[in-house]
Amino acid sequence: MAALSGLASALESYRGRDRLIRTLGYCCQLVGGVLVERCPARSEVGTRLLTLSSQLSHCRTVLRLFDDVAMFIYTKQYGLGAEEDDIFVRCVSVLGNLADQLYYPCEHIAWAADAQILRVDSARWWTLSTAFWGLSLLLGIARSLRMVLTLRRRLRGPAVAFTSVYQAGRAEATTP
């Protein structure tokens, strides 16, 4: 019963629903792809799972139509990252926010073209949105790596200094 309550709580939030839809979609894609490729007897089930995966992906795309305002507010609050001590982290974060801001309208235009709301080539807009999404991911990875390396360096600094002091103290204690 606790697991069911936890699931219900997760599904009450947008983020929880998105995580469940994303996880379910990727699992369907994985299992469906394996069934289609490796088990010809089960290829119909695999095809149905791939269709479900595609529909779940489409669902997430439609739900992202409403993310623009939240992303804009976040970007506006972050600004130019004046609170960041590290200039690299600041620049990468600002560029990541810019990539995110450009990603959403490109994806919306691509979606609208696929839905035949706009008369434009959706493939170009999907390619552009994917490029911005990829750029955002790479910038996020660079930011995270820099932060990990910085934290690692900070943690090593005092430990090395303490070890040096400890060893120097021991050397003095053993010297007659």
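**Helical arrangement and residue environments in the predicted model**

Read from the N terminus onward, the chain follows the pattern α-α-α-α-α-α. The model is a predicted one. In total there are 6 helices and 0 strands. The chain comprises 176 residues, of which 23% count as buried. Its exposed surface amounts to about 13,000 Å², and 65% of that area is supplied by carbon and sulfur atoms. With respect to contact order, 53% of the contacts between residues at least 6 apart in sequence join residues at least 24 apart.

The N-terminal helix pair was examined through its packing geometry. Helix α1 spans residues 2-11 and helix α2 spans residues 14-38; the two pack at an angle of about 110°, and their axes lie 6 Å apart. The relation of α1 to α2 is therefore roughly perpendicular, because angles of 65 to 115 degrees are placed in that class. On the α1 side the contact is formed by Leu 7, Ala 10 and Leu 11, which meet Gly 16, Arg 17 and Leu 20 of α2. Sorted by class, the residues of this contact are 4 nonpolar, 1 polar and 1 charged.

Helix α3 covers residues 43-63 and contains Ser 53. The relative accessible area of Ser 53 is 7%, so this residue is classed as buried, the cut-off being under 20%. Apart from neighbours within four places in sequence, Ser 53 is in contact with Gly 25, Cys 28 and Gln 29. His 58 is also located in helix α3. At a relative accessibility of 41%, His 58 counts as partly exposed. Gly 25, listed above among the contacts of Ser 53, is 33 residues from His 58 along the chain, and the C-alpha atoms of His 58 and Gly 25 are separated by 10.0 Å.

The largest nonpolar core consists of 5 residues, namely Met 71, Tyr 103, Tyr 104, Cys 106 and Phe 132. Helix α5, residues 87-114, provides the largest share of this core, with 3 residues. With neighbours up to four places away in sequence set aside, the contacts of Cys 106 are Trp 125, Leu 128, Ser 129 and Phe 132. Ser 129 belongs to helix α6. The relative accessibility of Ser 129 is 2%, so Ser 129 counts as buried. Under the corresponding exclusion of sequence neighbours, Ser 129 touches Tyr 103, Cys 106 and Glu 107. Two of the residues named there, Tyr 103 and Cys 106, are members of the core.

Asn 97 is likewise placed in helix α5. This residue has a relative accessible area of 7% and is therefore buried. Outside the range of four places in sequence, Asn 97 is in contact with Met 71, Tyr 74, Thr 75 and Tyr 78. One of these partners, Met 71, is a member of the largest nonpolar core. A further distance was computed for Asn 97 and Gly 140: the pair is 43 residues apart in sequence and 9.7 Å apart in space, C-alpha to C-alpha.

The loop between α5 and α6 holds Gln 116, where α6 covers residues 122-174. The phi angle of Gln 116 is near 60°, a positive value in a residue other than glycine. Most residues other than glycine have a negative phi. Gln 116 has a relative accessible area of 73% and so is exposed, the cut-off for this class being over 50%.

Terms used: Residues are numbered from 1 along each chain as its sequence is written. This is a predicted model: local features need pLDDT of at least 70, side-chain atom pairs count only at pLDDT 80 or more; totals for chains, interfaces and linings use all residues. Side-chain values use heavy atoms; hydrogens and water are left out. A nonpolar core is a set of buried Ala, Val, Leu, Ile, Met, Phe, Trp, Tyr and Cys residues joined through side-chain atoms within 4.5 Å. Buried means under 20% relative accessible area, exposed over 50%, partly exposed in between (1.4 Å probe, protein chains only). Helices (H or I, at least four residues) and strands (E, at least two) are DSSP runs, numbered from the N terminus. Contact means heavy atoms within 4.5 Å. Axes are lines fitted to C-alpha atoms, for helices over the stretch in contact, and angles run from 0 to 180 degrees between N-to-C directions. Angles under 35 degrees count as roughly parallel, over 145 as roughly antiparallel, 65 to 115 as roughly perpendicular and the rest as oblique. Ala, Val, Leu, Ile, Met, Phe, Trp, Tyr, Cys and Pro count as nonpolar, Asp, Glu, Lys and Arg as charged, and the others, Gly among them, as polar. Accessible areas come from the Shrake-Rupley method with a 1.4 Å probe; for residues, only the protein chains shown count as cover.
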